[in-house]
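Hi there,

Here is the structure I promised to pass on, with the sequence alongside. Have a look first, and my notes follow underneath.

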Amino acid sequence: MRGLQAAGGAPLTDGSVAGAVAAAPAGARRIAVLATIVPIVYLLDLITKTVVLRTLEGKEPFVVVPGLLQFRVIFNSGAAFSIGTGMTIVFTFVAAGVVIAILRTARNLRSLPWAVTLGLMLGGALGNLTDRLLRWPSGFGRPSPFQGHVVDFIETFPGHFPVWNVADSAIVCGGILAVFLAWRGYQIDGTRDTGEQKNDG
């Protein structure tokens, strides 16, 4: 039986068994990192939105640094940074698709940088998706499902830059990290593609 398995391309060596055993805990640790970052981002987004709604909704902006940073509540029907207003339901399904895609990708996760990247993007996507599903004019018993407006409140360079929130910043930071990791050849499974091809000759 051992000979047949070896001939079939599945050698029973201590090295291969040890490698498989080591890979499983490594993957589990990366998933744990992702599973830690997601609720942190999500809760931070939810808490900050709740606080600003209770303290600033309907009021004048709270100026932190004049001309640089202020908090002002707006309800955004578009995408991140108020892009594409009027296409709320489209962005709701896009956000849901992003969440599903990240969860499917996470099954092959073996890279710590990618765990951080996916955690930021998933936490941010879930934060804004919650608004799409539960905030006005969506929500239980309301006639406009999947069209809730996202709460934005962080305004940098007032009058010159769109208002955003914690979820937006997590999505953007995760996107930047994803581009950087892809550019450097880092793969989800923990390997790295250097772009070098082996010369068989």
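Let me begin with one residue: Phe 75 is partly exposed, because its relative accessible area of 41% falls between the 20% limit for buried and the 50% limit for exposed. Please keep in mind that this is a predicted model. Phe 75 sits in strand β2. If you set aside its neighbours within four places in sequence, Phe 75 is in contact with Leu 53, Glu 57, His 149, Val 150 and Val 151. It is also worth finding Asp 131 on your screen: Phe 75 and Asp 131 are 56 residues apart in sequence, and their C-alpha atoms are 9.9 Å apart in space.

**The overall layout**

The chain has 5 helices and 3 strands. Going along the sequence, they come in the pattern α-α-β-β-α-α-β-α. Of the 201 residues in the chain, 34% are buried. If you take the contacts between residues at least 6 apart in sequence, 63% of them join residues at least 24 apart.

**The sheet**

The 3 strands of the open sheet lie in the order β1-β2-β3, and their pairing is antiparallel. At the edges are β1 (62–65) and β3 (150–156), each of which pairs on one side only. Neighbouring strands in this sheet are turned against each other by 35° on average, ignoring direction.

Strand β2, which covers residues 69–76, pairs with β3 in the antiparallel sense over 6 bridges. To check the register yourself, look for Phe 71, which stands opposite Ile 154 in β3, and for Gln 70, which stands opposite Glu 155 in β3. Is β3 mostly covered or mostly open? It is mostly covered, with 7 of its 7 residues buried.

**The nonpolar cores**

In soluble globular proteins, nonpolar side chains tend to be buried together. Here the largest nonpolar core holds 16 residues, and those touching the most other members are Leu 34, Val 99, Leu 109, Trp 114, Leu 118, Leu 122 and Ile 188. Two or more residues each come from α2 (14–56), α3 (88–105), α4 (112–134) and α5 (166–184). The largest share, 6 residues, belongs to α4.

Leu 109 is a good place to start browsing this core. Apart from neighbours within four places in sequence, Leu 109 is in contact with Gly 27, Arg 30, Ile 31, Leu 34, Trp 114, Ala 115, Leu 118 and Ile 188. There is also a second, separate core of 9 residues, and Val 73, Phe 153, Ile 154 and Trp 164 are among them. You have already met Ile 154, the residue in β3 that stands opposite Phe 71.

**The cavity**

How many cavities of 30 Å³ or more does a search of the whole structure find? There is 1. The largest cavity contains about 30 Å³ of space. Its lining is made up of Tyr 42, Asp 45, Leu 46, Lys 49, Gly 127, Thr 130, Asp 131 and Arg 135. The elements that give two or more residues to this lining are α2 and α4, and the largest share, 4 residues, comes from α2. Asp 131 therefore turns up twice in these notes: in the lining of the largest cavity, and as the residue whose C-alpha is 9.9 Å from that of Phe 75.

Happy browsing, and all the best!

Conventions
Residues are numbered from 1 along each chain as its sequence is written. This is a predicted model: local features need pLDDT of at least 70, side-chain atom pairs count only at pLDDT 80 or more; totals for chains, interfaces and linings use all residues. Side-chain values use heavy atoms; hydrogens and water are left out. Two strands pair if DSSP finds at least two bridges between them. Axes are lines fitted to C-alpha atoms, for helices over the stretch in contact, and angles run from 0 to 180 degrees between N-to-C directions. A nonpolar core is a set of buried Ala, Val, Leu, Ile, Met, Phe, Trp, Tyr and Cys residues joined through side-chain atoms within 4.5 Å. Buried means under 20% relative accessible area, exposed over 50%, partly exposed in between (1.4 Å probe, protein chains only). Contact means heavy atoms within 4.5 Å. On a 1 Å grid over the protein atoms alone, a cavity is a set of points where a 1.4 Å probe fits but cannot get out, and a pocket is an open set with protein on both sides within 12 Å along at least five of seven lines; lining residues have an atom within 4 Å of a point. Grid points are joined across faces, edges and corners, and a volume is the space filled by probe spheres set on the points.
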